[in-house]
Amino acid sequence: PLVTGVQTCALPICYISNLRILKGTALYTANFVPPASPPLPTTANTSLLLNYTNSGVIDSAYRTTLETVGDARVTTANSKFGTGSYYFDGTDRIVTVPNMIHSLASGDFTVECWVYPTAVNVGQVIVARAATNFVSGSDLQYGIYISSSGQVQMRPYVSTTDYTTNIGAISANTWTHVAFVRSGNTFMGFVNGVKSANTITSITGALNDNSAWITYMGYGVLNGSADVPFTGYIDDLRITRGYARYTANFRSEEHTSE
């Protein structure tokens, strides 16, 4: 059916586990007993193996394909809303496939989430859009970081120019709402709904961009060199293109709980 000019359809509901594709090997040529204890192993000529390690990571907007790297997953050990949140142990991450739908190079946008770092004395990346092997500022479009001094930072990049700006302090082992917003040519940051006095108005054009870039959650680099993975929990991460959701102080407890 068409609703206000937008075509919609019912999404099929099914479950798939342990998808394996072998190229060059006919693994079965007679009756066999399917394995009772997954995951399936990697055998000769395996070209694809999806064991689905109970990550539970879902895009509720149904617009993004997400990949868990390492053992990034939803855990019930801690959450801001509902019964679970993303857990990152410092060695894993969640990434999107390359897609321009995730680009925030130009136009208004809002990037926000609830974050529960287990330490704030080391640099960390909460979310960033960048090249798959980014090593310098020119490989990065934007990021929300935690600095080694416990400051949340918004980090837009144009060419090799780093516009990193502190937007507020964050504490370990507590839930904090963070938001990075562009409205026109003004870049703003919010911590627990409080707008930072530090804004950026010197960027008038587009941020760095490339169609092959992806969005990282829980991983990134700092100053073009050292890896700075995130350790802790992230809940209700939401990225909005074309809309500056916040331009003044707001009550963070009322947001991103859908």
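In which strand is aspartate 236 found? Aspartate 236 is found in strand β22, residues 231-241. Strands here are DSSP runs of E with at least two residues, while helices are runs of H or I with at least four residues, and both are numbered from the N terminus.

This is a predicted model, in which local features need pLDDT of at least 70 and side-chain atom pairs count only at pLDDT 80 or more, while totals for chains, interfaces and linings use all residues. Residues are numbered from 1 along each chain as its sequence is written, and side-chain values use heavy atoms, with hydrogens and water left out.

**Positive phi angles**

Most residues other than glycine have a negative phi. Aspartate 236 has a positive phi, near 50°. Aspartate 236 counts as buried because its relative accessible area is 19%; the cut-offs are under 20% for buried, over 50% for exposed and in between for partly exposed, with a 1.4 Å probe and protein chains only.

Serine 159 also has a positive phi, near 55°. Its place is the loop between β13 (157-158) and β14 (161-162). With a relative accessible area of 43%, serine 159 is partly exposed.

**Salt bridges**

A salt bridge is a side-chain nitrogen of Lys or Arg within 4 Å of a carboxyl oxygen of Asp or Glu. By this rule the model has 4 salt bridges. The table gives three of the pairs, including the distance between the closest N and O atoms.

| Basic residue | Acidic residue | Closest N and O atoms |
|---|---|---|
| Arginine 238 | Glutamate 112 | 3.0 Å |
| Arginine 245 | Glutamate 112 | 4.0 Å |
| Arginine 155 | Aspartate 162 | 2.8 Å |

In the pair of arginine 155 and aspartate 162, arginine 155 is buried, at 2% relative accessibility. Aspartate 162 is partly exposed, at 34%.

Salt bridges with shared partners join Glu112, Arg238 and Arg245 into one network. Glutamate 112 forms a salt bridge with arginine 238. This pair links distant parts of the chain, with glutamate 112 in strand β9 (residues 109-117) and arginine 238 in strand β22, 126 residues apart. Both glutamate 112 and arginine 238 are buried.

Glutamate 112 also forms a salt bridge with arginine 245. Arginine 245 lies in the segment after β22 and glutamate 112 in strand β9, so this pair ties together parts that are 133 residues apart in sequence. Glutamate 112 counts as buried because its relative accessibility is 0%, whereas arginine 245, at 33%, counts as partly exposed.
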